[in-house]
Structure formats: C-alpha cells, structure tokens
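Here are my notes on this model, point by point. Please keep the structure open while you read.

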Amino acid sequence: MIEDKKMPREQSLAVATIVDALRRELRRNSVRVSDLAASIGAAEPTIRRWLRGEGLTLDRLDQLCVAAGMDMRELIARDDAPPDRFTLAQERVLAADRSLALTFFAVLQGAQREDLERSFGFPAQRLTANIQRLERLGLLETTRSGTLRTKLRSTVAWRRAGPLAIAFERTVKPLFFSQDFGSPDALYVSNMSRLTASGRARVQALFDALLEDIRLVAEQEQAARLDGRDWSGVLMMIRPFEIAEMTAEWREQR
C-alpha cells in the first residue's frame, strides 16, 4: 500500500510547477479560496497553505482539482509553466524604461488597464504603447476579454547585480528608505538573530512563502472589490549585521 505522503516543505521544481499551474487555473476560472473551502469543507487558511504546497498531499491536490472542476491528471501532465526568470534582454529593456517596468510589475500583481490609468496616471496612448511593447518582449498577453496577464510566474526573479537589480538600487530602494517609519500607516518589524548562512536561507524561504500569502490576500480583496485598496510597499531582507560599526563608539574608549 502506497502512503499518501506530504509533499516536502522545500518544494522540488516539479511540485512547485504543479502548484503554480493549479493557481493559474484557479485564477483563470475565477475560483476563489472561499469557494474551495466551502466545497472541500476546510478552513480558508488551510486552503491557502495547500495552495503554497504546504501540507499538500495527492489526495488533497485531487480534492482541490475536483472542487475547481479540473482533472488532476491533466494538470500534472501539462508542460506550460511560465518562466520564473527574465532573459537578460528583457531585464535590460525594463531597467532602461521605468514606466515600462512599472506597468509590468503592476500587472504581475493583478493590475488592469483602468488601475494603471487611475493609480499611476498613465495617459491612454502611453499605456497602450507600454502594453504592446511588453507583448513584443514576451512578458505580457491580452486575453480575448481584454484582461492583461503576465507570461512569467508571479515569483519571477531577476539577476543579482543584473540590470534590474542595479535599477532597483538606484530608484526603488531610496524610495523605500525615505519613508517615515513612524507614520501611523507604516507597519514594520525588526529583529536581530544569530544565524548561519543556512539559517538565513531558511528565512529567505519564509519570505517567499509570506509573499505568496500577501498575493493571496491581495487577490481575495480584488475579487471582493473592496474599497480602500492602496498600493503598499513590502520589503524584506536578511544579511549579516555589522556589529562592529554599531559598537565602535565604546570599543574605541577601552
């Protein structure tokens, strides 16, 4: 008898591909987490964990597929997973044009044409040109219904020290650190822990999982058409702390 073992917490590429394909199909068919929870009889937080691959078994994957009107065998057999990396050429073009990059990353987070026009003030002609250019780059597609959809995974990453990383350092990073951390609408946490390189890698995995949770929350609020949704910045980083710099003042007095 074959046990229905849980998929590992640190997902293999195959498991991540299946989960990503499932989430894409759910979005494509407008199936909400609440719909899945009601159909399966599980709590919404549990469904969200399964949709990240946590605690997901073959039986539970089958339950999700049945609830969404899909065949698990077809889902597993598919080989249409979008790329999770930019090409160097795509990075260079996005890094050279801030409005183009903003258009892409906003659509990656679910924004549509009306959102871009209203939130970012894009003139209709410029926005159309951006969309067409992103389509030519293979980064974006427009469905028959007019919905904008990116052709890369929501977790797409850029190269370390590559064009987008340099552009981030130059433009986005200063914006993050110029914010008033004491503002009533600024929510943040900070901590200091002793960790190995392996421990920091585990924290990075937690960051990735949290970003997926944040995306699910955003998708739910968008589907519910809630008012008061503002573009909110999220920045998470971990690296060795320069303790010597913090303690130099009294170390020099000895």
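Which helix holds Glu 114?

1. Glu 114 sits in helix α8, which covers residues 113-120. Keep in mind throughout that this is a predicted model. The residue has a relative accessible area of 47%. It counts as partly exposed because that value falls between the 20% and 50% cut-offs. Now look along the chain to Ala 124. Glu 114 and Ala 124 are 10 residues apart in sequence. Their C-alpha atoms are 9.5 Å apart in space.

2. Next, the overall make-up. The protein chain has 12 helices and two strands. In sequence order the pattern is α-α-α-α-α-α-α-α-α-β-β-α-α-α. Along the principal axes, the C-alpha atoms fill a box of roughly 70 × 55 × 40 Å.

3. Two backbone angles deserve a check. Most residues other than glycine have a negative phi. Ala 161 has a positive phi of about 65 degrees, although it is not a glycine. Arg 225 is not a glycine either, and its phi is positive at about 55 degrees.

4. Where do Ala 161 and Arg 225 lie? Ala 161 is in the loop between β2 (148-150) and α10 (163-177). Arg 225 is in the loop between α11 (197-223) and α12 (243-251). Ala 161 is exposed, with a relative accessible area of 68%. For Arg 225 the value is 73%, so this residue is exposed as well.

5. The loop between α11 and α12 also holds Leu 235. This leucine is partly exposed, at 41% relative accessible area. Leu 235 helps to make a nonpolar surface patch with Phe 177, Phe 181 and Tyr 188. The patch comes to about 440 Å². Why can Leu 235 count towards a patch? Patch residues need over 30% relative accessible area, and Leu 235 meets that cut-off because its value is 41%.

6. Now burial and contacts. How much of the protein chain is buried? Of its 254 residues, 30% count as buried. Among contacts with a separation of 6 or more, 66% come from residues 24 or more positions apart.

7. Last, surface and charge. The accessible surface of the protein chain is about 17,300 Å². Carbon and sulfur atoms account for 52% of that surface. The protein chain carries 39 positive and 36 negative side chains. The centres of these two sets lie 3 Å apart.

Notes: Residues are numbered from 1 along each chain as its sequence is written. This is a predicted model: local features need pLDDT of at least 70, side-chain atom pairs count only at pLDDT 80 or more; totals for chains, interfaces and linings use all residues. Side-chain values use heavy atoms; hydrogens and water are left out. Helices (H or I, at least four residues) and strands (E, at least two) are DSSP runs, numbered from the N terminus. Buried means under 20% relative accessible area, exposed over 50%, partly exposed in between (1.4 Å probe, protein chains only). Patches are made of residues with over 30% relative accessible area and no salt bridge: like charges are joined within 9 Å, nonpolar side chains (Val, Leu, Ile, Met, Phe, Trp, Tyr) within 5 Å. Accessible areas come from the Shrake-Rupley method with a 1.4 Å probe; for residues, only the protein chains shown count as cover. A salt bridge is a side-chain nitrogen of Lys or Arg within 4 Å of a carboxyl oxygen of Asp or Glu. Contact means heavy atoms within 4.5 Å. Lys and Arg count as positive and Asp and Glu as negative; His and the chain ends are not counted. The place of a charge is taken as NZ of Lys, CZ of Arg, CG of Asp or CD of Glu.
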